[in-house]
Every structure is written in C-alpha cells, then in structure tokens.
Amino acid sequence: MMFFSSNLCMVLMPLLLASSLLVASAGNFYQDFDITWGDGRGKILNNGEVLTLSLDKASGSGFQSKNEYLFGQIDMKLKLVPGNSAGTVTAYYLSSKGSTWDEIDFEFLGNLSGDPYILHTNIFSQGKGNREQQFYLWFDPTTDFHTYSILWNPNNIIFSVDGNPIRKFKNLESIGVPFPKNQAMRIYSSLWNADDWATRGGLVKTDWTQAPFTASYRNFNANACIWSSGASSCGSTSPSSSSSANAWLTQELDSASQEKLTWVQKNYMIYNYCTDLKRFPQGLPPECSIASQS
C-alpha cells in the first residue's frame, strides 16, 4: 500500500484542496477525534499525539472522528491491552448510521496471557453483515504499536496490518452483492467488556483484578474524501479523476501485495465465512467464489 509522509501531505494540502481532490489528515487527536463515552476513561495525551482508552468493571470508553468520510485510506497505530485480556474487545471501525448502515470492522478479541489475540474482520453493506474473517497475528500486538489500515475505494475494501494486506472485498454489485459506496462513515473505536462471547465463545470471563485494561493509539493518518453538507471534498470519484495524489481511489493489489495476502491467509486465517458450508447450507454467498474475488 502507498503511504504519504506528513511532510508531503503538508506540501500537497493547498494544491489538493484547491483542486477538490482529497483531504489528508495526519495525526492530532484533538483535531480529528472526540472522546464520546467512558466518563474520563478515554484520554488524549502528549499534546494530541496519543489517545488511550481504558476499561474497568464500571465502564469501557470510546471515541469517534469529527469528520465523516466517503472513501479513504485510513491508518492508525494501535497497541492492544497486554497480559490477561480475556473478555475484552478493542473495536476500530468505520460505520454509517441508520437501519441500513454500512460498516468496515477491525475487532481485536482478547485472550488469556500467552494465548494469541484474534483479529476479527467484518463488512456490512445496507445493514447486512455475516462476512466474518478471523486471523491470528504474526507478532505480539501488545508490546509495541502496529499499523492497522483500511483502504476503501469504489472498487475494493482492503484490510492491511503493517502494510501487509490480509483481506480484500471486491465491489461485486454486477452480480448483486451490495457494496458500501453511498453512505459516509465516521471512524469509531471502543474498548469494552464482551466476556459473554469474545474469548472461547464466552467460556473465559474477564478477570477484573487485572483492571484497568488500556489500549493506546497514535499516528492516525487519513488520505480521504471528507463528506460534509451533502458533498465530497474529492468531487468526482470516477476513475477519470485519478491522479498521483489520489491514486488510492483506484488502487488495486499489485502482484507483490497479492502474494502477501495469500501468505497471510494461508498461514494466519483461522475462520472464513466463505468456507463455512454448515453456516450456509443453501449455498455460499456469491462473493465467495474464487473467480469473483480474484
């Protein structure tokens, strides 16, 4: 995936705004986010460079972006709850509102000390989800910050971890599969107790003697189209509007990225709705054909 440095964003910003291509935002939590719940358990620190969410027995906490986006490349560095995180969920996702909402999810399901986190992904379109894929990670996500990215353009949704694609969801409206493209979404994140299902199906409960549980965030970056007052900062999002500055709007996986995706899915995917024949006895969803997602 392509990433722009903050210096490059500063240089390009006036030109991009003038030509209505995109808006890039690099990393001040005071500027980009509001802590929306948790009664003080969410904190912005270091002059806006770091945000932390905490969970105790009384409450979790969460935040949301000030802006709504209609397509974008969103990056955030997270360091997850260390130690015995069983029962906790750290959710980081894009979502619209309403009964037919769209949503693009990262959820990190905690586990007992020494057992791996499960990275749970899902995509909702027009209120319908049931598109779960789950992964183990190839590193300990609690000892350092790692970058979790969503590339969302009119053609694809690509989930990446530290620049390695782990999942691709292609726009297949041509075969009747709804795709998120008409509803602007905010970025949300929350840390909350879900010990009724999060760890081993709810068998392992949250150990409150380990509280408070804390997840940390930094280095937010968005090369994205801001949606405001019924209009996009990107103007046209057709392929003809592509340029080097907003190439993410038409970006696909190149051969090297496709190889990385295949490696991750072969070695670290632990659940894929597209292979769950028991769940879909009448037939797998149409997007699950290998040809459709290639």
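# Exercises on a strand-rich predicted model

Eight bridges join strand β7 (residues 88–95) to strand β14 (residues 186–193), and the two run antiparallel. Keep in mind that this is a predicted model. Let's work through it together.

**Exercise 1. Find which residues of β5 and β7 stand opposite L191 in β14.**

*Solution.* Start with β7: T90 stands opposite L191 in β14. Next, turn to strand β5 (residues 61–65), which pairs with β14 in the antiparallel sense over four bridges. Here the bridge partner of L191 is S61. L191 therefore has a bridge partner in S61 of β5 and stands opposite T90 of β7, given that strands count as paired when at least two bridges are found between them.

**Exercise 2. Describe the chain as a whole: its helices and strands, its buried share and its contacts.**

*Solution.* Begin with the elements: the protein chain has four helices and 17 strands. Then look at burial, where 53% of the 294 residues are buried. The exposed surface of the chain is about 13100 Å², and carbon and sulfur atoms supply 52% of it. Finally, take the contacts with a separation of 6 or more: 68% of them are between residues 24 or more positions apart.

**Exercise 3. Explore the largest nonpolar core and say which strand gives the most to it.**

*Solution.* The largest nonpolar core has 60 residues. Those touching the most other members are M76, F106, Y148, W152, I157, Y217 and F220. Strand β15 (residues 213–228) gives the most to this core, with eight residues. Another core, of five residues, lies apart from it and includes V89, I118, A194 and A198.

Now focus on M76. Leaving aside neighbours within four places in sequence, the contacts of M76 include F29, F33, F63, Y217 and F220. These five residues are also linked by ring pairs into a cluster.

**Exercise 4. Classify the pair F29 and F33 as stacked, tilted or edge-to-face, and decide whether each residue is buried or exposed.**

*Solution.* A pair of aromatic rings is described by the distance of the centres and the angle of the planes. For F29 and F33 the centres are 5.6 Å apart and the planes make an angle of 40°. The pair is therefore tilted, as stacked needs under 30 degrees and edge-to-face over 60. It is one of 19 aromatic pairs in the structure.

For burial, the cut-off is under 20% relative accessible area. F29 has 1%, so F29 is buried. F33 has 2%, so F33 is buried.

**Exercise 5. Decide whether D39 is buried or exposed, and find where D39 lies.**

*Solution.* D39 lies in the loop between β2 (33–37) and β3 (43–45). The relative accessible area of D39 is 76%, so D39 is exposed. The C-alpha atoms of D39 and S59 are separated by 8.2 Å, while the residues are 20 apart along the chain.

**Exercise 6. Look for unusual backbone geometry at F71, R200 and P212.**

*Solution.* Most residues other than glycine have a negative phi, and most peptide bonds are trans. Phi of F71, however, is near 85°, a positive value. F71 is found in strand β6 (residues 68–79) and, at 4% relative accessibility, counts as buried. R200 also has a positive phi, near 50°, and is found in the loop between β14 and β15. P212 has its place in the loop between β14 and β15 too. A cis peptide bond joins A211 and P212, with omega about 0°.

Definitions and conventions. Residues numbered from 1 in each chain as written. Predicted model: local features only at pLDDT ≥ 70, side-chain atom pairs only at ≥ 80, totals over all residues. Heavy atoms only, no water. Core = buried A, V, L, I, M, F, W, Y, C linked by side-chain atoms within 4.5 Å. Buried < 20%, exposed > 50% of the residue type's maximum accessible area, 1.4 Å probe, protein only. Contact = heavy atoms within 4.5 Å. Phe/Tyr/Trp six-rings, centres within 6.5 Å; stacked < 30°, edge-to-face > 60°. Areas by Shrake-Rupley, 256 points an atom, 1.4 Å probe, with all protein chains shown as cover.
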